[in-house]
Amino acid sequence: MKIMITGAHGLLGQKLALAFGRETSAALLLTDLPPRSFFVHERFDYQQLDITRLADVKSLVSSFRPDVIINTAAMTNVDACEEDRRASWQLNVDGVKNLLIPARRIEGCRIVQLSSDYVFDGRHAPYDEQSRPMPVSYYGRSKLAAENALLSSHVPGAIVRTQVLYGTGFETRMNFVSWVLAQLEKGLPFRVVDDQRGNPTMADDLAFGILRMVEKDCRGVYHVAGPESIDRFSFARKIAEIFGFDPSLISPTTSNEIGQGANRPPDSSFITLKFTSECDVQMSDTARGLERLRQQYREGYSHTDLLSDSRFSSIK
Ligand SMILES: NC(=O)c1ccc[n+]([C@@H]2O[C@H](COP(=O)([O-])OP(=O)(O)OC[C@H]3O[C@@H](n4cnc5c(N)ncnc54)[C@H](OP(=O)(O)O)[C@@H]3O)[C@@H](O)[C@H]2O)c1
């Protein structure tokens, strides 16, 4: 089997590379924006690819002829998407269409498209796959448009909606957990909203879940997230407890008070029964996920040559 991963240097992209590299014998083509990759290992091929460049996408997809394309590449900063709508549409929607064009010409080629809880307005949780999307941000609109592009194409595939991703990797962007840890390390009081709720999802688990979905040839929409619905303030306190910081440094605030650039759904908690029953994957709850993450940090997981041979074989 041949698997192509876009955005492979991102948090989920790295975890997917590790999961497929370790658990399968698939030929793996990793792609992202930089000309070179830190993925230096015989299990991986790497090619620079900007998915907004249709000619490049066509050329790479038609020469590699993947059985599966997993598209993690996206503009993921929700406030930046609100500010630069054109750029977010170009990447989150047109980029997906660019992948669909050559994929359609390859017999049997399927796509796994990453999507988000932000396709929902957050007023009717918990959400299952039948729930009606109604985004309240431009990011959410762009992710929903990408879903629709895939569903209305003739390319078979799965839409994986996930949320509140956390984990560590090589030079990854800040996520909610790494932001809370950075604040706690300063030792100063700070505030976290208690009116946004969802299911934190360990990126390692999500990658493994996607691997199972690919093996089982899952098609259609899937909600894939951690099993626990929790508000951000309580989650932040839990992070402090598990990482040995003082939880009383964190106090609650509201979305209105902090005034984020884009609207967020107040409660986008998921029902994940379809995924868990079809794929038989146990996702970590916050206590277990954070413990595993703490161990990864302790081992220097994020600050060393993540994918050198010795580390690659030692990551479990
Ligand atoms: N993070 C979350 O909490 C969350 C929640 C729900 C859904 N999701 C979805 O899950 C997916 C993966 O998220 P993530 O957190 O792993 O994202 P991420 O860490 O931001 O990774 C995205 C990767 O795509 C790359 N990229 C940016 N523009 C590109 C382009 N034009 N062509 C090719 N690659 C490009 C990025 O490179 P640069 O870093 O250089 O820009 C980055 O390496 C996304 O589709 C996201 O919408 C994420």
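This dialogue walks through a predicted model, one feature at a time.

Q: Before reading any detail, how should I judge the confidence of the model, and what is the mean pLDDT of the chain?
A: Since the model is predicted, confidence is a sensible place to begin. The mean pLDDT of the chain is 94, and 95% of its residues reach 70 or more.

Q: Where does pLDDT stay under 50?
A: That happens over residues 302-316, and for this stretch the model has 19 contacts beyond four places in sequence.

Q: How do I read the surroundings of the ligand, and how many residues surround it?
A: One can begin with the residues and then turn to the elements that carry them. There are 28 residues around the ligand, and the closest are G7, G10, L12, A73 and A74. Two or more residues of this shell come from each of helix 1 (11-23), helix 4 (85-103) and strand 5 (110-116), with helix 1 giving the largest share, three residues.

Q: What is the make-up of that shell by class?
A: Sorted by class, the shell around the ligand holds 11 nonpolar, 14 polar and three charged residues.

Q: How do I read a nonpolar core, and which residues have the most contacts inside the largest one?
A: A core is read from its members and from the elements that supply them. The largest nonpolar core here has 83 residues, and those with the most contacts inside it are L16, A17, L30, V112, A207, I210 and Y222. The element that gives the most to this core is helix 7 (residues 203-215), which contributes eight residues.

Q: What is A207 in contact with, leaving aside its neighbours within four places in sequence?
A: Once those neighbours are set aside, A207 is in contact with L12, K15, L16 and A19. L12 has already appeared in this dialogue, as one of the closest residues to the ligand.

Q: How do I read the pairing of strands, and which strands pair with strand 5?
A: For each pair, one looks at the direction of the strands and at the bridges between them. Strand 4 (residues 68-71) and strand 5 are parallel and are paired over four bridges, while strand 5 and strand 6 also run parallel and are joined by six bridges. Taking I111 as a point of reference, one finds I69 opposite I111 on the side of strand 4, and G157 opposite I111 in strand 6. Further along, S115 stands opposite R161 in strand 6.

Q: Are these strands mostly covered or mostly open, taking strand 5 and strand 6 in turn?
A: Strand 5 is mostly covered, with six of its seven residues buried, and strand 6 (residues 157-162) is mostly covered as well, with six of its six residues buried. In strand 6, G157, I159 and R161 point one way and A158, V160 and T162 the other way, and all are buried.

Q: How do I decide whether a single residue is buried or exposed, for example L114?
A: The idea is to count the C-beta atoms around the residue, and 20 or more within 10 Å make it buried. L114 counts as buried because it has 28 C-beta neighbours inside 10 Å. L114 is found in strand 5 and, not counting residues up to four places away in sequence, touches L12, N71, T72, A74, V160 and T162.

Q: Why does R292 count as partly exposed?
A: R292 has 16 C-beta neighbours inside 10 Å, and therefore counts as partly exposed. R292 lies in helix 11 (residues 286-298), and its contacts, leaving aside neighbours within four places in sequence, are M202 and S284. R292 and D204 are 88 residues apart in sequence and 9.9 Å apart in space, C-alpha to C-alpha.

Q: How do I read backbone angles, and what is the general expectation?
A: Most residues other than glycine have a negative phi, and most peptide bonds are trans. In this model, the peptide bond from A125 to P126 is cis, with omega near 0°, and P126 has its place in the loop between strand 5 and helix 5 (138-151).

Q: Which residues other than glycine have a positive phi here, and are they buried or exposed?
A: V164, with phi near 35°, is found in the loop between strand 6 and strand 7 (165-166) and is buried, with 22 other C-beta atoms within 10 Å. E171, with a positive phi of about 50°, is found in the loop between strand 7 and helix 6 (176-186), and counts as exposed because it has 10 C-beta neighbours inside 10 Å.

Methods
Residues are numbered from 1 along each chain as its sequence is written. This is a predicted model: local features need pLDDT of at least 70, side-chain atom pairs count only at pLDDT 80 or more; totals for chains, interfaces and linings use all residues. A residue is near a molecule or strand if its C-beta atom, placed from the backbone, lies within 6 Å of it. Ala, Val, Leu, Ile, Met, Phe, Trp, Tyr, Cys and Pro count as nonpolar, Asp, Glu, Lys and Arg as charged, and the others, Gly among them, as polar. A nonpolar core is a set of buried Ala, Val, Leu, Ile, Met, Phe, Trp, Tyr and Cys residues joined through C-beta atoms within 7 Å. A residue is buried if 20 or more other C-beta atoms lie within 10 Å of its own, exposed if 12 or fewer, and partly exposed in between; C-beta atoms are placed from the backbone. Two residues are in contact if their C-beta atoms, placed from the backbone, lie within 7 Å. pLDDT is the predictor's confidence in each residue, from 0 to 100. Two strands pair if DSSP finds at least two bridges between them.
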